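Reader: I'd like to go through the labels on this one and ask what stands behind each of them. Can you put the structure up before we start?

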Amino acid sequence: MTDTPATPRRRGSVRTEELLEATLDLAAEVGYAGLSIEAVGRRAGVGKHTIYRRWPSKAALLLDALSRVWTSDLDYGDTGNVRADLREQFLRSGKALSSPPIGPVYRAVIAEAQADAALRATLHERFLVTVERSTLDRIARAQDTGELAPGVDLEFAAEVLCGALYYRSLLSARPIDEAAVDGLLDMFMAAYGMAGRASGGA
């Protein structure tokens, strides 16, 4: 008797995961412009109304699919060493941005968003803000524990850290490799780390 209410929820959760997976697979094959709710439905074996009950548009569906992969695979660790945690996550991010499923799908969405203001706004609200907030949360915790200088607004620093990775991935042919990540983090720690502040004031 108590198991009955949970069964539809479990089925609904599984179906949602199947739809998100089908969306990423299809988007990697045909790009954003070639993606449609109907095509996702055919790939997943459901009617389009099943998808529209969960998502109002293909942009919302695709960005949910991207966010699912990003947040499940690329969360920050918290070892107590902010530089090590940023380094580990940035290297994983770099790999993700240059390989399926995130890489080709994200590049296709970025390209389409340049001519679609609504998509650009949705991309920022549903994806980029999440990435920036995750980075800000991690460095804010480091500030609270004394690893970073107190009393400094870290919001812009989080945007710069994320922006540098996305610039290199999307707008240049240079890799997000260990040298790039280390150089970025060296600048960040020199500006915001306690050791950098101490040497700068000496």
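What follows is a short run of questions and answers on the terms used for this chain.

Author: Ground rules to begin with: this is a predicted model, in which local features need pLDDT of at least 70 and side-chain atom pairs count only at pLDDT 80 or more, while totals for chains, interfaces and linings use all residues. Residues are numbered from 1 along each chain as its sequence is written, and side-chain values use heavy atoms, with hydrogens and water left out.

Reader: What makes the pattern of the chain α-α-α-α-α-α-α-α-α-α?

Author: The count is 10 helices and 0 strands. Helices here are DSSP runs of H or I with at least four residues, strands are runs of E with at least two, and numbering starts from the N terminus.

Reader: How many of the residues count as buried, and what does that word mean?

Author: Of the 202 residues, 39% are buried. Buried stands for under 20% relative accessible area, exposed for over 50%, and partly exposed for what lies in between, using a 1.4 Å probe and protein chains only. The chain exposes about 10,800 Å², with 54% of it supplied by carbon and sulfur atoms; these areas come from the Shrake-Rupley method with a 1.4 Å probe, and for residues only the protein chains shown count as cover.

Reader: Why is Trp55 called buried?

Author: Its relative accessibility is 5%, and the cut-off is under 20%, so Trp55 counts as buried. Trp55 sits in the loop between H3 and H4. Leaving out neighbours within four places in sequence, Trp55 is in contact (heavy atoms within 4.5 Å) with Thr16, Leu19, Leu20, Ala60, Leu61 and Asp64.

Reader: And Pro56, buried or exposed?

Author: Exposed, because its 67% relative accessibility is over the 50% mark. Pro56 also belongs to the loop between helix H3 (48–52) and helix H4 (58–73). From C-alpha to C-alpha, Pro56 is 9.9 Å from Ile37, at 19 residues apart in sequence. For Trp55 and Ile37, 18 residues apart along the chain, the C-alpha separation is 9.6 Å.

Reader: Which residues of helix H2 are buried?

Author: In H2 (residues 37–44) they are Ile37, Ala39, Val40 and Gly41. Just after H2 comes Gly45, with a positive phi of about 75°.

Reader: How do you know that H8 and H9 are roughly antiparallel?

Author: Helix H8 (residues 155–171) and helix H9 (residues 178–192) pack at about 165°, with axes 11 Å apart. Axes are lines fitted to C-alpha atoms, for helices over the stretch in contact, and angles run from 0 to 180 degrees between N-to-C directions. Under 35 degrees is roughly parallel, over 145 roughly antiparallel, 65 to 115 roughly perpendicular, and the rest oblique. The angle of about 165° is over 145, so H8 and H9 are roughly antiparallel.

Reader: What meets what there?

Author: On the H8 side, Ala157, Leu161, Ala164, Leu165 and Arg168 meet Ala180, Leu184, Leu185, Phe188 and Tyr192 in H9. By class, the contact of H8 with H9 has 9 nonpolar, no polar and 1 charged. Nonpolar covers Ala, Val, Leu, Ile, Met, Phe, Trp, Tyr, Cys and Pro; charged covers Asp, Glu, Lys and Arg; the others, Gly among them, are polar.

Reader: What makes Ser169 buried?

Author: A relative accessible area of 17%, which is under 20%, so Ser169 is buried. Ser169 is in helix H8 and, neighbours within four places aside, is in contact with Leu97 and Ile176.

Reader: Why are H6 and H7 called oblique?

Author: The axes of helix H6 (residues 102–113) and helix H7 (residues 117–144) come within 8 Å and cross at roughly 140°. That angle lies outside the parallel, antiparallel and perpendicular ranges, so H6 is oblique to H7. Their contact has 9 nonpolar, no polar and 2 charged residues. Ile110 lies in H6 and, leaving aside neighbours within four places, is in contact with Leu123 and Leu170.
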